[in-house]
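Open the model in your viewer with chain A displayed, and keep the selection box at hand. The stops below each begin with something to select.

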Amino acid sequence: MSLVVYNTLTRKKEEFKPLVEGRVRIYVCGPTVYDYSHIGHAKTYVAFDTLVRYLRWSGYNVRYVQNITDVGHLLDSGEDRILKGAARERIEPMEIVERYTRAYFDDMDALGVQRPDISPRASAHIPEQIEMIKTLIAGGHAYESNGSVYFAVASYTDYGRFSGRKVEEMAEGTRKPVLEEKRNAEDFALWKKAAPEHILRWSSPWGWGFPGWHIECSAMSTKYLGDTFDIHGGGVDNIFPHNECEIAQAEAATGKPFANYWLLTGSLTVDGVKMSKSLGNFVTLRDLLKKHRPEALRFFVLSGNYRSPIDFSDEALEAAAKGWARLAAPAQAVRERLRSPNLPQGADEGLAGVIAEARAAFVAAMDDDFNSAAALAGLFEFNKIVNTLLNAEASVAQGTLQAIGAFYGETAGQVLGVLSGQSATAANADREAGLIRLLIELRAEARKRKDFATGDAIRNRLAALGVALEDGKEGTSWKL
RNA sequence: GGCGACGUCGCCAAGUGGUAAGGCAAGGGUCUGCAAAACCCUCAUUCGGCGGUUCAAAUCCGCCCGUCGCCUCCA
């Protein structure tokens, strides 16, 4: 079995073959840092985080580059998003950038999204972008006009292939008047002359200005990953114009294919419609994380295919949170059980076979275009076996518990990231576990005396603190 | 209008030619001092609709209906 991915470039599933055996170079379009990140970011970046985690777990050496857009991304109104944020909060543009870049990483850290290997800032790569624009002009793919530089779409025959659009039709669909300084309506900006009030500006061969939104991705991806690299990721909503333009610029500049595989995540709607501030259905991650565990959010995202659209609602997340709790329970129980002394030694041979099967099912699911939903279904089926085992009369041997724990740790933990790690520091966790066990023992004594009032009080007080007690054949166990 | 995607149980969702995974919710049972958790059983002869291809279709083709996303130049 080998990894198969859906390649938007060819619109079909293909066997994944990296340029260099055992090595993957991947670039994913990152956020524009002018406001807090939202649930849509979570969907895309949890998906790619899981993808990268899986590739690494499969043995690939991965270099993951994800840009930070801090210049050049304009709104419909023509305002620069960063400048708008700066005006809103009355601070320096670069303060906005810094504030929301930190917030972005904080939110992603909370979600267990591992940081990309390189997070290049567009504003820190102006020279590279200028170089690429100069190359494009020299090659006849771009022209300067009135202090701005435009990409000459007519010079690149494949323009429109990726998004399935025809240049002629696009010209017809134009809604707004075409700038006179452009040769053709479909030409797009590589470098924009800065208006006097546009304070985010750099010196260039064409005067003071700022780069177009698309050029940063072409320049930074090829800088860190090479002219041609393996995977380019992003969201489907950027397929046109952003990705289309990226490809045109990069291939026209280097004369080589850009990315071999394009993996795009489906869009996210909230209560059935696109999320937008004006509709009041904008959900930021920091608000969501106040109400839900990050693992539940990951579970929500991973219970669908990364390519499928997903609709967010409170009820949907509520259901996901419950599903997550059920998924994670046996892994937590195994971990707790391993703490107890006097475990029988050895390991169950039969269960080793069951684990091997579960592992094969997990790999088969993930190898099929990162089908995390099917992978989770497999884990649920494995759970059933583990739960039955844990509830059985006979004590489970230490080796068996360790093998189960290791399996959960790799699949649900290392790859999917939906298993909560050890809480706080090890020392605190040990102390906490000891205190809880003391209370469990006191409760057991009370119950032995038929003093159920005391027993229930202990259980209720602990429950209020988020510690659930469960009475079983092996005595009482607990979980957070 | 153009391009793309989607429509599978009350809800979420996997399944892309071989006879419908999984989760949430619901009903019944076992266990328990009571709970909780867990386990067992039940829950889509059917995959938006209508045709077609095939021995065989949720899966392929056509038409229709519905939902969502994108539509440069200022991204």
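Leaving aside its neighbours within four places in sequence, which residues is S221 in contact with? Select S221 and show what surrounds it: Y27, E216, G226, F229 and F258 are the residues in contact once those sequence neighbours are set aside. The model is a predicted one.

**Stop 1: S221**

Stay on S221, and colour helix α6, residues 215-225, which contains S221. S221 has a relative accessible area of 0% and is therefore buried, the limit being under 20%. Next, display the backbone of C217: the side chain of S221 reaches the backbone oxygen of C217 at 2.6 Å.

**Stop 2: helix α2**

Select residues 81-89, which form helix α2. Its buried residues are R81, I82, L83, G85 and A86. Add residues 93-110 to the selection; this is α3, against which the buried residues of α2 pack.

Now look at the two ends. At the N-terminal end, D80 acts as the cap of α2, with a side-chain oxygen 2.7 Å from the backbone nitrogen of I82. After α2 comes R90, which has a positive phi, near 55°.

**Stop 3: F240 and P241**

Select F240 and P241 and check the peptide bond between them. The bond from F240 to P241 is cis, and its omega is near 0°. To place P241, select residues 239-254: P241 belongs to this helix, α7.

**Stop 4: positive phi in two loops**

Select D271, in the loop that runs between β11 (268-270) and β12 (273-274). D271 is not a glycine, yet its phi is positive, near 50°. Is D271 buried or exposed? Its relative accessible area is 55%, so D271 is exposed, the limit being over 50%.

Move on to K450, in the loop between α14 and α15 (452-464). K450 is likewise a non-glycine residue with a positive phi, here about 65°. K450 also counts as exposed, at 62% relative accessibility.

**Stop 5: the domains**

Colour chain A by its domain assignment: domain 1 covers 4-291, domain 2 covers 327-415 and domain 3 covers 427-479. Keep domain 2 and domain 3 in view; their C-alpha centres lie 25 Å apart. How many residues of domain 2 are in contact with domain 3? Nine residues of domain 2 touch six residues of domain 3.

**Stop 6: the second largest pocket**

For the last stop, select R337, E474, G475, T476 and S477, the lining residues nearest the centre of the second largest pocket. The lining has 31 residues, and the pocket holds about 740 Å³ of space.

Then select the elements that give two or more residues to this lining:

- α10 (314-339), which gives the most, with six residues
- α12 (372-391)
- α14 (426-448)
- β14 (468-472)
- β15 (475-479)

Colouring the lining by residue class gives twelve nonpolar, ten polar and nine charged residues. Switch back to the domain colours to see where the lining comes from: domain 2 (327-415) and domain 3 (427-479) each supply at least three residues.

Key:
Residues numbered from 1 in each chain as written. Chains lettered and ligands numbered in written order. Predicted model: local features only at pLDDT ≥ 70, side-chain atom pairs only at ≥ 80, totals over all residues. Heavy atoms only, no water. Buried < 20%, exposed > 50% of the residue type's maximum accessible area, 1.4 Å probe, protein only. Helix = DSSP H or I, 4+ residues; strand = E, 2+ residues; numbered from the N terminus. Contact = heavy atoms within 4.5 Å. Polar contact = N/O pair within 3.5 Å; in protein donor to acceptor, adjacent residues only side chain to side chain. 1 Å grid on protein atoms, 1.4 Å probe; cavity = no way out; pocket = protein on both sides within 12 Å on 5 of 7 lines; lining within 4 Å. Points joined across faces, edges and corners; volume = space filled by probe spheres on them. Nonpolar A, V, L, I, M, F, W, Y, C, P; charged D, E, K, R; others polar. Domains from an automatic or database assignment.
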